[in-house]
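Here's a quick tour for anyone meeting this structure for the first time. Have a look at the sequence and the 3D view, then read on.

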Amino acid sequence: MAPPTDDDPDRRRVFEFAGEQPGPTLVITAGIHGNEPAGLHAIGRVHDRLIADGVEVRGTIVGFAGNRQALARGVRYVERDLNRGWEVERIDRLLADRRGHAAEDLEQSELALVLIDEEHRARGPLLLVDLHTTSAASQPFVCMADTLRNRPLAFAMGLPVVLGLEEVIDGSMLGWLVDRGHSGIAVEGGQHDAAEAVEVHEAVVWVALHAAGCIVGPPHVMLAQAQRRLRAAAADLPRVLEIRHRHVVGPFDAFVMASGFASFVPVRRGQVLAHDRTGPIHCSEDALLLMPRYQPQGEDGFFLAREVRGAWLTLSAWLRSVGADRLLPLIPGVRRDIEAREQLVVDRHWPWRLTVDLMHLFGYRRVRPGESGAVYSRRRPDARDPSSR
Ligand SMILES: [Zn+2]
């Protein structure tokens with residue numbers, strides 16, 4: 001077990017434990033948004049406890065601070081959202097020419113480099129836990145890209161798991177890492193400055209350490225307490241939800257969320273949720289509201305979600321495990337994109353609702369209009385998952 005790698009308060013690598021036994025690499029990132037320091041406090045607490053108890057570690061546990069310039073100023077970002085723009089071509093460009101980078105370009109190229117470095121050093125599976133908080137009050141929840149390999153880590157938390165958020169947001173850091181073939185989740189730990197958000201994130205890190213298999217020997221005494229903490233936070237919320245709608249805010253929209261909302265509040269079709277320069281914004285369907293925006297920066301106004309039944313999860317896992325999605329292109333009007341393996345093109349005449357439900361079963365959660373139909377894409381499935389072959 002190694003102590004922190006340096007004592008610079010501005011350091012990006014906030015801690016690292018490297019065990020003698022080979023094992024997984026668990027990467028914890030916090031403060032990707034600079035007004036969300038709770039995750040960093042939580043990492044610090046776990047670090048101190050691991051040291052104090054002399055805990056023996058398997059593999060590597062490493063913690064990284066995200067947007068250090070924005071963290072120093074206490075703002076979400078300086079020039080642009082650091083949790084966007086993680087498209088492969090863009091990262092290649094940033095890494096190819098690192099001269100003159102300012103603000104988030106600098107943060108992103110440094111982060112990409114340390115993450116790629118961890119990938120190269122890893123002697124086992126690499127897992128990412130990305131810690132966030134929200135501007136509105138919220139019970140904590142987990143966001144997971146809908147690939148089977150993410151499920152064990154996500155469901156270990158005992159918090160509500162939201163599917164599809166990673167797919168509707170373009171270019172998130174987590175999405176980039178999952179597309180490189182790793183497992184990862186993001187955790188929204190509660191409201192930015194709430195003391196409970198630090199406690200929730202601390203509990204999340206303890207559960208992640210055990211779920212990833214990083215602790216040698218019997219479970220650490222903190223595990224049971226952490227599990228209790230997260231179970232209590234989850235209360236009676238649905239176990240799994242999926243994103244139905246994302247309200248995108250443009251820079252000149254003058255978007256203002258109506259007051260009094262919080263995450264997981266039930267909302268009704270037709271209800272006024274916000275206003276912008278075009279007038280009131282009405283709710284498009286009965287749903288649960290997620291992450292209403294009560295801070296000035298960013299392009300996510302709010303999200304609508306609905307519960308996913310356990311039977312659907314079981315069915316989708318079974319269909320993917322037997323590789324049934326290889327049959328999808330045999331359906332008239334459905335074909336695989338020749339350019340991109342994880343994309344399917346569906347003819348326009350297909351009933352919209354049916355298509356969306358079918359595509360979701362196989363993890364195709366992103367949709368955009370194409371020349372000859374709707375183009376559905378998904379995160380890269382697991383290499384051991386027959387549907388990836
Ligand atoms: Zn965030």
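What follows is a short lead and then some bullet points, grouped by topic.

First things first: this is a predicted model. The chain is split into three parts, namely domain 1 (13-234), domain 2 (247-307) and domain 3 (324-384). There's an open sheet of 11 strands with mixed pairing, and also an open sheet of three strands with antiparallel pairing. As for empty space, the largest pocket has a volume of about 1,100 Å³, and a search of the whole structure turns up two cavities of 30 Å³ or more.

**Domains**

- If you're finding your way along the chain, domain 1 covers 13-234, domain 2 covers 247-307 and domain 3 covers 324-384.
- Between the C-alpha centres of domain 2 and domain 3 there are 28 Å.

**The sheet of 11 strands**

- Going across this open sheet, the strands come in the order E1-E3-E2-E4-E7-E5-E6-E8-E14-E13-E10.
- At the edges sit strand E1 (13-18) and strand E10 (266-267), and each of them pairs on one side only.
- For a pair to look at, try strand E2 (residues 21-30) and strand E3 (residues 58-65): they run parallel and are joined by seven bridges.
- Within that pair, isoleucine 28 has glycine 63 in E3 as its bridge partner.

**Helices lying across that sheet**

- Helix H4 (residues 103-121) lies across E1, E2, E3 and strand E4 (126-134). Its direction is at about 180 degrees to E3.
- Helix H8 (residues 195-212) lies across E2, E3, E4 and strand E7 (183-191). This helix runs at about 170 degrees to E4.

**The three-stranded sheet**

- Here the order is E9-E11-E12, in an open sheet with antiparallel pairing. E9 and E12 are the edge strands, each pairing on one side only.
- Strand E9 (residues 256-257) runs antiparallel to E11, and two bridges join them. Across this pair, valine 256 stands opposite histidine 275 in E11.
- Strand E11 (residues 272-276) and strand E12 (residues 279-282) are antiparallel too, paired over four bridges. A hairpin of two residues takes you from E11 to E12.
- You can walk along the E11 and E12 pair residue by residue: alanine 274 is opposite isoleucine 281, histidine 275 is opposite proline 280, and aspartate 276 has glycine 279 as its bridge partner.
- Histidine 275 is worth picking out in the viewer, since valine 256 stands opposite it and histidine 275 also stands opposite proline 280 in E12.

**The largest pocket**

- Its volume is about 1,100 Å³. It's lined by 36 residues, and those closest to its centre are Glu167, Asp170, Arg366, Val367 and Ser377.
- Several elements give two or more residues to the lining: helix H3 (88-96), helix H6 (165-168), helix H7 (173-179), strand E8 (240-248), helix H11 (352-361), strand E17 (366-369) and strand E18 (374-377).
- Which strand gives the most to this lining? That's E8, with five residues.
- By class, the lining has 12 nonpolar, eight polar and 16 charged residues.
- Domain 1 (13-234) and domain 3 (324-384) each supply at least three residues to the lining of this pocket.

**The largest cavity**

- There are two cavities of 30 Å³ or more in the whole structure, and the largest holds about 320 Å³ of space.
- Of the 27 residues lining the largest cavity, His33, Arg76, Glu188, Met291 and Asp300 are the closest to its centre.
- Two or more residues of that lining come from each of E4, H6, E7 and strand E14 (300-307). E4 has the largest share, with four residues.
- The lining of the largest cavity is made up of eight nonpolar, 10 polar and nine charged residues.
- Where does the largest cavity lie with respect to domain 1 and domain 2? Both domain 1 (13-234) and domain 2 (247-307) give residues to its lining, so it lies between them.

Note on methods: Residues numbered from 1 in each chain as written. Predicted model: local features only at pLDDT ≥ 70, side-chain atom pairs only at ≥ 80, totals over all residues. Heavy atoms only, no water. Pairing = 2+ DSSP bridges. Contact = heavy atoms within 4.5 Å. Axes fitted to C-alpha atoms, helices over the stretch in contact; angles between N-to-C directions. 1 Å grid on protein atoms, 1.4 Å probe; cavity = no way out; pocket = protein on both sides within 12 Å on 5 of 7 lines; lining within 4 Å. Points joined across faces, edges and corners; volume = space filled by probe spheres on them. Nonpolar A, V, L, I, M, F, W, Y, C, P; charged D, E, K, R; others polar. Domains from an automatic or database assignment.
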